[in-house]
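Hi there,

Here is the structure I promised to pass on to you. Have a look at it first, and then read on for what turned up in it.

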Amino acid sequence: MGAKIPRNFRLLEELEKGEKGLGAEACSYGLDEGDDISMTNWNGTILGPPHSAHENRIYSLKIRCGEQYPDVPPEVTFVSRVNAPCVNPHNGKVDLSKLPAIATWKRDFTMETILIEIRKYLAAPAHKKLPQPPEASTF
């Protein structure tokens with residue numbers, strides 16, 4: 001097994017990928033404040049999947065990468081109001097254990113992995129027709 005990449009190197013890699021828009025088209029992310037040297041607080045965006053109740057919506061999320069990231073998953077919270085079983089209806093916090101592909105966290109998962117999985121979850125047949133709160137409402 002190779003050496004573990006230190007947290008900051010890993011976050012710099014993710015930042016570069018996010019800033020260059022090299023990731024998935026429907027998801028983006030970046031630092032909340034450009035001068036945050038601890039690289040703790042991030043913003044994420046998910047474009048609502050087509051052919052669903054989320055179509056044409058843009059969801060904003062906050063991502064908090066604690067000291068233990070990437071060994072432990074970041075805290076992910078929707079700022080935009082959304083109705084989905086993986087999202088706490090009171091505070092927008094995402095329960096990552098409800099996202100099958102990342103329920104068992106692995107160090108090589110990234111913020112992008114999480115955003116893509118949340119988007120897939122919103123597009124899943126069981127969730128895509130759930131009635132949604134008014135557009136642009138927030139937690």
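Let's start with one residue: Thr-40 has a relative accessibility of 9%, so it counts as buried, the cut-off being under 20%. Please keep in mind that this is a predicted model.

Where does Thr-40 lie? You will find Thr-40 in the loop that runs between β1 (27-31) and β2 (41-47). Its side chain makes a polar contact with the side chain of Ser-38, at 2.7 Å. Leaving aside residues up to four places away in sequence, Thr-40 touches Arg-7, Ile-63, Arg-64 and Cys-65.

Next, the aromatic rings. A pair of such rings is described by how far apart the centres are and by the angle of the planes. How many aromatic pairs does a search of the whole structure find? The search finds three. In one of them, Tyr-29 and Trp-42, the ring centres are 6.4 Å apart and the planes stand at 45 degrees, so this pair is tilted. Tyr-29 belongs to strand β1 and Trp-42 to strand β2, so the pair ties together parts that are 13 residues apart in sequence. Are these two residues buried or exposed? Tyr-29 has a relative accessibility of 9% and therefore counts as buried; Trp-42, at 1%, counts as buried too.

Trp-105 and Phe-109 also form an aromatic pair, and this one is edge-to-face, with 5.4 Å from centre to centre and 75 degrees between the planes. Trp-105 and Phe-109 are both buried.

Now turn to helix α1, which covers residues 7-20. With 14 residues at 1.5 Å a residue, α1 should span 20 Å, and its end C-alpha atoms are indeed 20 Å apart, so the two values agree.

Which residues of α1 are buried? They are Arg-7, Arg-10, Leu-11, Glu-14, Leu-15 and Gly-18. If you look down the axis of α1, these buried residues fall within an arc of 140 degrees, so they line one face of the helix. It helps to know that an α-helix has 3.6 residues a turn, so residues three or four places apart point the same way. What do the buried residues of α1 pack against? They pack against β1, β2 and α2 (111-123). On the other side of α1, Phe-9, Glu-19 and Lys-20 are exposed.

One residue links the two ends of this tour: Arg-7 is among the buried residues of α1, and Arg-7 is also one of the residues that Thr-40 touches.

Enjoy exploring!

Best wishes

Notes:
Residues numbered from 1 in each chain as written. Predicted model: local features only at pLDDT ≥ 70, side-chain atom pairs only at ≥ 80, totals over all residues. Heavy atoms only, no water. Helix = DSSP H or I, 4+ residues; strand = E, 2+ residues; numbered from the N terminus. Buried < 20%, exposed > 50% of the residue type's maximum accessible area, 1.4 Å probe, protein only. Polar contact = N/O pair within 3.5 Å; in protein donor to acceptor, adjacent residues only side chain to side chain. Contact = heavy atoms within 4.5 Å. Phe/Tyr/Trp six-rings, centres within 6.5 Å; stacked < 30°, edge-to-face > 60°. Expected span 1.5 Å × (residues − 1). Arc of directions from axis to C-beta.
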